[in-house]
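Okay, can everyone see the screen? Let me bring up the model and walk you through the parts I liked.

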Amino acid sequence: FYHAGTKYRTSRLRFNRLNLNGQCDHCNRYKGGGNAVAYMEGFIARYGMEKFEELKAAKLAADRGEEKPLTKDEVRQMKKDYRAAIRELKKQAA
């Protein structure tokens, strides 16, 4: 939902599951980089206003520098966890 540019390179916001969502190709390419209003409405419809406020608070905390950047060990652990989750999904699909 929130742009994860270089400012948030090591931020927890970049890897926040709520911040990782797809958007239709047309909106993303041709409507000003994302059709933000419709995207926000879709986010709220999917997850609810409480989760939207939670993500917004995480963004504000990242902007104020209140969250510590991720450490290499934390990123490695996340990578390990996601790989295990992918393996499990592939098993279920087979």
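So, aromatic pairs: the structure holds two of them. By pair I mean rings of Phe, Tyr or Trp (its six-membered ring) with centres within 6.5 Å; planes under 30 degrees apart count as stacked, over 60 as edge-to-face and the rest as tilted. Phe43 and Tyr47 make a tilted pair, at 4.8 Å centre to centre and 50° between the planes. Both residues sit in helix α2, residues 36-47, four residues apart, about one turn of the helix. Helices here are DSSP runs of H or I, at least four residues, strands are runs of E, at least two, and both are numbered from the N terminus.

Before I go on, a word on where this comes from: it's a predicted model, local features need pLDDT of at least 70, side-chain atom pairs count only at pLDDT 80 or more, and totals for chains, interfaces and linings use all residues. Residues are numbered from 1 along each chain as its sequence is written, and side-chain values use heavy atoms, with hydrogens and water left out.

Back to that pair: is Phe43 buried or exposed? Phe43 counts as buried because its relative accessibility is 3%, while Tyr47, at 31%, counts as partly exposed. The cut-offs are under 20% relative accessible area for buried, over 50% for exposed and partly exposed in between, with a 1.4 Å probe and protein chains only. Phe43 also pairs with Phe52, this time edge-to-face, with 6.0 Å between centres and 65° between the planes. Phe43 and Phe52 are both buried. Put Phe43, Tyr47 and Phe52 together and you've got one aromatic cluster.

Zooming out, the chain has four helices and zero strands, so to speak of order, it reads α-α-α-α from the N terminus on. Of its 94 residues, 19% count as buried.

Now over to Arg17, in the segment before α1 (25-30). Arg17 counts as exposed because its relative accessibility is 58%. Its C-alpha atom is 9.5 Å from that of Leu55, and the two are 38 residues apart along the chain.

Last stop, the charged surface: Lys79, Arg83, Arg87 and Lys91 form a positive patch. For patches, residues need over 30% relative accessible area and no salt bridge, and like charges are joined within 9 Å; a salt bridge is a Lys or Arg side-chain nitrogen within 4 Å of an Asp or Glu carboxyl oxygen. Arg83 is in helix α4, residues 72-93, and is partly exposed, with a relative accessible area of 48%.

Technical notes
Patch = residues over 30% accessible without salt bridge, like charges linked within 9 Å, V, L, I, M, F, W, Y side chains within 5 Å. Areas by Shrake-Rupley, 256 points an atom, 1.4 Å probe, with all protein chains shown as cover. Lys, Arg positive; Asp, Glu negative; His and termini not counted. Charge placed at Lys NZ, Arg CZ, Asp CG, Glu CD.
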